[in-house]
Amino acid sequence: MKIRKPKLFILFLALGLALVLVGCKAAEPIVQPTAETIIEYVEVTVVVEPTPVPPTPTPEPTPLPDQSAQLAAWEASPHGNTWGEGKGPNTWCSRCHSPQNWDPAAVIGPPPACFSCKFPADAEMRIAPGNAFIPEEEWIGIPCETCHIMENDVATVNAWLNPISMEYVAVNTTTELCEKCHVTTTGTGNPVRSAVDHQITLGGPAHLNYAGFIDEEIPPQYCTDCHDPHTQQPKGCVDCHEIDAAAHAGGRYVNMAEKVTCMACHDASGAEVGPHPDEAMGGVFTTLLTEVGRSGPTTSAIVSHSIQYTVACDRCHFEANAWELPVYDEEGNVPEPTAAPTP
Ligand code: HEC
Ligand code: HEC
Ligand code: HEC
Ligand code: HEC
Ligand code: HEC
Ligand code: HEC
Ligand code: HEC
């Protein structure tokens, strides 16, 4: 055993040396950087420690844009109230009054019940076989989605919801959107026998002749330049034009300010003009349409959307006018008395 001891000792020594060597070899490259790392670590900790790690934020939903103003405006507007017994609550008329209730297969029935509707003189609702009656609870109307692509109940860009394919169709202008319904289908050879005349023609050089306007401002050219799309209320002429009443129309406007609307003078559609047929309007001159029906001609006030700069005074002040207005020529001059006929 005694002999072995040194051997063992040597063996242990050798083993120990080997371990130390191995340890040194392995440790050598590590020890140095470890020391550095610790220094770095301390530095980093100093920087990091004062800033408390914020708790993982619970993702807060981005607040939905507030569209309550548009909603309220729409709810009180004609577009928000399209159901009515007299307004064709049926699958034919709903094409424009509530597009999502439209049945393209609906047909106009034979008289007297052509449409499911209740005309003012009717005691009862007429029910037509070809276009089923739609009760108010099933009526969809003209909701936001008719004109807007909806995302999480929020109205985004404008587009037309095709009520049949239920897919959106792009529109280039707001006018294109309005004209999905504000159209005239009579006399167009439309195979779907139809009966509406709602096209609004924006015409007349004043608002359409871009080259001729006085200021840099472009005249209104789209429906929503004047109409709020949610209340549908239009801006009036004086909301955009401040006229100098005393100088207007060569100083003659003041004689007529109370009795003549802007459009009675500036209408470019060639409409008839005269006192408003509704006596409550106090005889103010406006644009009119006379239609001859079975019970004779009826005159009603119409809205013209065609505006011109040029005003012809003799549109009203013509020879022998029924309103006993003084006679003027186009320019507002008293016409030269026509030479007495030579006998
Ligand atoms: C092509 C689209 C379209 C169709 C189809 C249509 N309408 Fe209309 N309707 C309109 C538009 C647009 C207006 C409003 C514009 C206006 O007054 O000039 C309107 C307005 C009306 C109004 C006046 C509403 C009010 O309160 O002043 C009545 C009533 C009406 N429609 C009834 C009908 C009936 C009944 C039918 C079916 C026989 C029908 N409409 C089919 C587009 C249409
Ligand atoms: C008849 C079509 C129509 C309907 C229905 C409609 N909108 Fe609009 N909306 C428009 C048009 C057109 C514009 C863009 C006006 C413009 O660019 O001049 C618009 C613009 C907007 C805007 C942008 C801000 C503003 O007021 O111009 C918001 C928000 C909006 N609509 C929300 C709604 C909501 C909510 C509803 C339903 C309650 C709705 N809209 C129903 C046509 C419509
Ligand atoms: C989905 C079909 C539809 C679209 C699209 C539409 N309208 Fe209408 N609009 C109607 C109907 C139907 C009425 C009649 C509502 C009622 O009184 O029952 C109406 C009524 C109106 C009225 C009131 C008419 C009156 O006699 O007082 C105005 C103004 C109007 N719309 C303007 C617009 C404008 C501007 C646009 C485009 C931004 C537009 N509409 C888009 C169907 C439509
Ligand atoms: C220059 C401004 C202006 C523009 C642009 C305009 N409107 Fe009007 N609109 C008016 C005014 C003002 C009235 C109301 C006149 C009144 O009540 O005497 C009106 C009335 C209406 C009416 C109800 C009267 C009627 O004829 O049945 C409808 C529907 C209408 N506009 C639709 C449209 C449509 C659709 C467009 C686009 C094609 C359009 N408007 C463009 C100013 C405008
Ligand atoms: C939304 C604003 C707006 C409304 C509403 C509006 N206009 Fe204009 N109008 C203009 C702008 C902008 C011009 C072009 C700039 C200019 O020439 O003054 C114009 C041009 C005109 C011109 C031609 C001026 C010229 O020298 O060529 C006449 C006339 C006119 N408007 C009359 C009317 C009448 C009448 C109404 C009401 C039915 C009306 N406008 C409603 C904005 C409007
Ligand atoms: C009695 C007819 C008459 C009436 C009513 C009338 N105008 Fe005029 N307007 C004219 C004549 C004529 C001109 C040509 C310029 C002139 O002689 O002042 C004109 C010119 C204009 C112009 C071109 C710029 C300018 O001021 O010369 C605008 C815009 C206009 N009118 C807007 C209106 C508005 C808005 C109203 C309603 C508040 C209105 N007009 C009512 C006869 C009329
Ligand atoms: C749309 C119809 C209409 C047009 C266009 C029109 N007027 Fe008039 N004018 C009237 C009416 C209506 C009266 C009466 C006003 C009253 O009784 O208050 C009147 C009254 C007058 C008066 C006062 C006459 C008197 O005996 O007191 C003068 C002056 C006049 N107009 C000049 C003109 C001139 C100039 C023009 C062309 C720039 C013109 N008018 C265009 C409808 C019109």
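Around ligand 7, the residue shell breaks down by class into 13 nonpolar, 3 polar and 4 charged residues. That shell holds 20 residues in total, and those that come nearest are Asn 255, Ala 264, Cys 313, Cys 316 and Gly 332. The model is a predicted one, so everything here is read off computed coordinates.

Ligand 2 has a shell of another make-up. Its surroundings count 8 nonpolar and 9 polar residues, with no charged ones at all. Out of 17 residues around ligand 2, the nearest are Gln 70, Cys 144, Cys 147, Ala 155 and Pro 229. Helix H2 (68-75), helix H4 (144-147), strand S2 and helix H5 (174-178) are the elements that each put two or more residues into this shell. Where does ligand 2 lie with respect to domain 1 and domain 2? It lies between them, because domain 1 (77-178) and domain 2 (205-315) both give residues to its shell.

Strand S2 turns up again in a pairing with S1. Strand S1 (residues 148-151) and strand S2 (residues 154-158) run antiparallel and are joined by 3 bridges. One spot to look for is Glu 151, which stands opposite Val 154 in S2. The two strands make a hairpin with 2 residues between them, and in the turn Asn 152 has a positive phi of about 50°.

Further along the chain comes a sheet. It is an open sheet of 3 strands in the order S5-S6-S7, with antiparallel pairing. Strand S5 (272-275) and strand S7 (296-301) are at the edges with a single partner strand each, so one side of each has no neighbour in the sheet. On average, neighbouring strands here are turned by 50° against each other, ignoring direction. As background, strands of a sheet pair through backbone hydrogen bonds, in either a parallel or an antiparallel way.

The pairings within this sheet can be followed one at a time. S5 and strand S6 (residues 285-293) are antiparallel and share 4 bridges, and Gly 274 stands opposite Thr 286 in S6. S6 and S7 are also antiparallel, this time over 6 bridges. Val 292 has Pro 297 in S7 as its bridge partner. With 2 residues between them, S6 and S7 form a hairpin. Is S7 largely buried or in the open? Of its 6 residues, the number buried is 0, so S7 lies largely in the open.

Pro 220 is worth a stop too. This residue is found in the loop between helix H6 (205-208) and helix H7 (223-226). Pro 220 counts as partly exposed because 18 other C-beta atoms lie within 10 Å, whereas a buried residue would need 20 or more. Leaving out residues up to four places away in sequence, Pro 220 touches His 207, Asp 225 and Cys 226. Pro 220 and Cys 240 are 20 residues apart in sequence, and their C-alpha atoms are 9.8 Å apart in space.

Stepping back to the whole chain, its secondary structure comes to 9 helices and 7 strands. Of the chain's 343 residues, 13% count as buried. Looking at contacts between residues at least 6 apart in sequence, 43% join residues that are at least 24 apart.

Methods. Residues are numbered from 1 along each chain as its sequence is written. Chains are lettered from A and ligands numbered from 1 in the order in which they are written. This is a predicted model: local features need pLDDT of at least 70, side-chain atom pairs count only at pLDDT 80 or more; totals for chains, interfaces and linings use all residues. Two strands pair if DSSP finds at least two bridges between them. A residue is near a molecule or strand if its C-beta atom, placed from the backbone, lies within 6 Å of it. Ala, Val, Leu, Ile, Met, Phe, Trp, Tyr, Cys and Pro count as nonpolar, Asp, Glu, Lys and Arg as charged, and the others, Gly among them, as polar. Domain bounds come from an automatic or database domain assignment. Axes are lines fitted to C-alpha atoms, for helices over the stretch in contact, and angles run from 0 to 180 degrees between N-to-C directions. A residue is buried if 20 or more other C-beta atoms lie within 10 Å of its own, exposed if 12 or fewer, and partly exposed in between; C-beta atoms are placed from the backbone. Two residues are in contact if their C-beta atoms, placed from the backbone, lie within 7 Å.
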